[in-house]
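Thank you for making time for this today. I would like to walk slowly through one structure with you, and I will begin with a question once it is on the screen.

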Amino acid sequence: MEPSESVSLIRPQERMVADPTPGVTREQAVAVEGLWSGLAITQARTSSGWHHHGEHETSIYVVDGALLLEFGPGGERAVEAGPGDFVHVPKHVVHRESNPADQESHLVVTRSGHGPVTVNVDGPPPGGS
């Protein structure tokens with residue numbers, strides 16, 4: 001194999017919309033066995049639907065804008081992140097991403113695992129008493 005055959009360059013116009021969840025647009029850049037990477041774009045003052053990423057560990061890097069990630073029983077827990085922050089979402093954690101800012105947010109998302117990359121659900125598990 002020629003060395004140039006082992007490296008891929010994916011330009012912005014070559015990313016494809018994939019892995020849909022209402023409220024967030026995911027542009028897939030890399031999808032190979034065990035690895036998914038791309039850009040997630042959320043409009044200002046918008047929330048995604050509830051979902052999880054099955055057997056995938058997820059790393060999120062906030063390029064610009066803001067991220068409010070809700071999770072936990074009843075969706076009662078949350079982390080807020082801004083440009084330069086990383087967020088780790090363990091496999092099977094039901095969550096939703098919100099963009100509380102007045103401008104579009106851009107997140108670089110990388111997932112490691114196997115099986116379906118996104119599983120959309122009706123909501124988080126119920127809260128305890």
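Is Gly113 buried or exposed? Before I answer, please keep in mind that what you see is a predicted model. The computed relative accessible area of Gly113 is 14%, and because the cut-off for a buried residue is under 20%, Gly113 counts as buried. As for its place in the chain, Gly113 is found in the loop between β11 and β12, the latter being residues 119-120. If we leave aside the neighbours within four places in sequence, Gly113 is in contact with Gly34, Leu35, Glu55 and His56. There is also a separation worth noting down here, since the C-alpha atoms of Gly113 and Trp36 are 8.4 Å apart, although their positions lie 77 residues apart along the chain.

Let me turn to the nonpolar core. The largest one has 14 residues, and those with the most contacts inside it are Ile60, Leu67, Leu69, Val87, Leu107 and Val109. Which elements give two or more residues to this core? They are β3 (35-42), β6 (57-64), β7 (67-71), β9 (86-89) and β11 (105-112), and of these it is β7 that gives the most, with three residues. If you would like one residue to follow on the screen, take Leu69, which touches Ile60, Arg77, Ala78, Val79, Val89, His95, Arg96 and Glu97, once residues up to four places away in sequence are not counted.

The next residue is His52, which has its place in strand β5, residues 51-52. With a relative accessible area of 14%, His52 is buried, and its side chain reaches the backbone nitrogen of Gly54 at 3.0 Å. Again not counting residues up to four places away in sequence, His52 touches a set of residues that includes His92, Val93, Val94 and His95, and also Val117, Thr118, Val119 and Val121.

Finally, I come to the charged pairs. How many salt bridges does the structure hold? It holds five, and I will describe three of these five.

In one of them, the side chains of Arg111 and Asp19 meet, with an N to O distance of 3.6 Å. This pair links distant parts of the chain, given that Arg111 is in strand β11 while Asp19 is in the loop between β1 (16-17) and β2 (25-32), 92 residues apart. Both Arg111 and Asp19 are buried.

Another salt bridge is formed by Asp102 with Arg45, and here the closest N and O atoms are 2.9 Å apart. Asp102 lies in the loop between β10 (95-99) and β11, and Arg45 in the loop between β3 and β4 (46-47), so this pair ties together parts that are 57 residues apart in sequence. Asp102 is exposed, with a relative accessible area of 62%, and Arg45 is exposed as well, at 57%.

The last pair I will show is Glu70 with Arg96, a salt bridge whose closest N and O atoms are 2.7 Å apart. Since Glu70 lies in strand β7 and Arg96 in strand β10, the pair ties together parts that are 26 residues apart in sequence. Glu70 is buried, at a relative accessible area of 16%, whereas Arg96, at 25% relative accessibility, counts as partly exposed. You may remember Arg96 from earlier, as one of the residues that Leu69 touches.

Methods:
Residues numbered from 1 in each chain as written. Predicted model: local features only at pLDDT ≥ 70, side-chain atom pairs only at ≥ 80, totals over all residues. Heavy atoms only, no water. Core = buried A, V, L, I, M, F, W, Y, C linked by side-chain atoms within 4.5 Å. Buried < 20%, exposed > 50% of the residue type's maximum accessible area, 1.4 Å probe, protein only. Helix = DSSP H or I, 4+ residues; strand = E, 2+ residues; numbered from the N terminus. Contact = heavy atoms within 4.5 Å. Polar contact = N/O pair within 3.5 Å; in protein donor to acceptor, adjacent residues only side chain to side chain. Salt bridge = Lys/Arg side-chain N within 4 Å of Asp/Glu carboxyl O.
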